[in-house]
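Me: I have a model open and would like to understand the terms people use for it. Could you take me through them?

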Amino acid sequence: MKFDVTRFSKAIKKLNFINQFEYYDEIDSTNSYLLKKQNLTDKTLVLAEFQFKGKGRLERKWFANAYENLTFSIGLIPELKTNELGYLNFCTALSIAEAIEKNAKCKVETKWPNDLLLGGKKFCGILIESQFEENHLSKSIIGIGLNVNQTVFQDEFKERTTSLRLSFNKNFKREEVLLKVLKQFSKNYLTLSKDINSIIKKWKSRCNSLGKEISLTNNKDIFTGIFEDVAEDGSLILNQNGKLLKLFSGDVTVIKE
Ligand code: BTN
């Protein structure tokens with residue numbers, strides 16, 4: 001079903017958080033669009049029915065069928081220092097988890113750095129791209145791909161991917177899911193600096209691999225050890241026989257529960 005832009009636009013006004021809303025039937029990538037945009041208005045929401053160059057983390061592609069999912073970005077001018085960039089990861093992932101949990105009374109797991117899982121499978125990915133000026137963030141684009149009603153995924157993804165529809169066996173109204181996510185995000189974002197410890201604590205309580213033996217692979221290396229903790233800057237702290245290593249990107253696999 002087509003996204004109901006008129007109804008959604010009215011509802012979003014009531015939320016009193018998003019300052020500008022743009023909808024596109026088709027776009028290269030909502031993140032790329034906002035990154036290029038001059039004079040960005042803080043809290044601009046861009047939603048696209050279809051992205052033909054959707055981007056994922058680690059230079060991957062993000063594929064999502066039109067009419068079935070949510071692909072959107074929130075353009076922010078955050079009052080955060082460069083070393084506080086990781087706050088946005090925790091805040092976004094937690095907000096989505098809380099919104100879905102409220103909606104469906106279930107447990108959503110967080111997977112470092114910022115995936116969201118239902119029943120061990122990914123249903124939502126987040127890509128945050130930022131620009132900096134001196135020691136602060138001048139622009140952060142929070143890109144979210146949320147699988148809502150899609151039931152068929154490409155072969156290479158289908159084992160580890162799910163959607164709200166597949167997990168709960170019912171169709172969801174995309175406008176309502178997006179509103180709930182934005183509502184929860186606005187709540188957490190507006191108190192971010194003050195509440196970061198409690199946000200991280202809540203993120204950690206949902207994390208699927210914290211305290212376990214993991215391997216972390218990035219494009220060059222593989223690290224193994226115990227997933228000890230996360231730091232405020234968003235990094236993963238790996239314990240390798242008592243030596244603590246801070247890692248900033250990669251994919252985590254649990255080796256031993
Ligand atoms: C990941 O899990 O690798 C992150 C996926 C992020 C996808 C979203 S969809 C909306 C926004 N625009 C993009 O091009 N990517 C993000």
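Me: What makes helix α1 (residues 5–15) one that lies largely in the open?

Reply: Happy to help. This is a predicted model, in which local features need pLDDT of at least 70, side-chain atom pairs count only at pLDDT 80 or more, and totals for chains, interfaces and linings use all residues. Residues are numbered from 1 along each chain as its sequence is written. A residue is buried if 20 or more other C-beta atoms lie within 10 Å of its own, exposed if 12 or fewer, and partly exposed in between, with C-beta atoms placed from the backbone. Of the eleven residues of α1, the number buried is one, so the helix lies largely in the open. Right after α1 comes Asn16, with a positive phi near 65°.

Me: Why is Thr191 called partly exposed?

Reply: Thr191 has 13 other C-beta atoms within 10 Å, so it is partly exposed. You will find Thr191 in the loop between α6 (174–190) and α7. Helices here are DSSP runs of H or I with at least four residues, strands are runs of E with at least two, and both are numbered from the N terminus.

Me: What makes β1 (20–27) and β4 (109–111) edge strands?

Reply: Each of them pairs on one side only. Two strands pair if DSSP finds at least two bridges between them. The open sheet of seven strands has the order β1-β2-β3-β7-β6-β5-β4, with mixed pairing. Seven bridges join β1 to β2 (residues 44–51), and these two run parallel. Within that pairing, Phe21 has Leu45 in β2 as its bridge partner.

Me: How do you know that α3 packs on the sheet?

Reply: α3 touches β4, β5 (115–118), β6 and β7. Contact means that the C-beta atoms of two residues, placed from the backbone, lie within 7 Å. The direction of α3 makes about 150° with that of β6; axes are lines fitted to C-alpha atoms, for helices over the stretch in contact, and angles run from 0 to 180 degrees between N-to-C directions.

Me: Which strands stand at the edges of the five-stranded sheet, and why?

Reply: β11 (243–247) and β12 (251–256) each have a single partner strand, so one side of each is left without a neighbour in the sheet. The order is β11-β10-β9-β8-β12, an open sheet with antiparallel pairing. Neighbouring strands of this sheet are turned by 45° against each other on average, direction ignored. Five bridges join β8 (residues 213–217) to β12, and Leu216 stands opposite Val252 in β12.

Me: What are the two domains, and which elements bring them into contact on the side of domain 1?

Reply: Domain 1 covers 5–205 and domain 2 covers 213–256, with bounds from an automatic or database domain assignment. The contact takes twelve residues from domain 1 and eight residues from domain 2. On the side of domain 1, α3 (85–104) and α7 (192–205) give two or more residues, and α3 gives the most, with four residues.

Me: Which residues come nearest to the ligand, and how does its shell divide?

Reply: Ser29, Gly56, Gly125, Gly143 and Gly145 come nearest, out of 20 residues around the ligand. A residue counts as near if its C-beta atom, placed from the backbone, lies within 6 Å. The shell divides into five nonpolar, eleven polar and four charged residues. Nonpolar covers Ala, Val, Leu, Ile, Met, Phe, Trp, Tyr, Cys and Pro, charged covers Asp, Glu, Lys and Arg, and the others, Gly among them, are polar.
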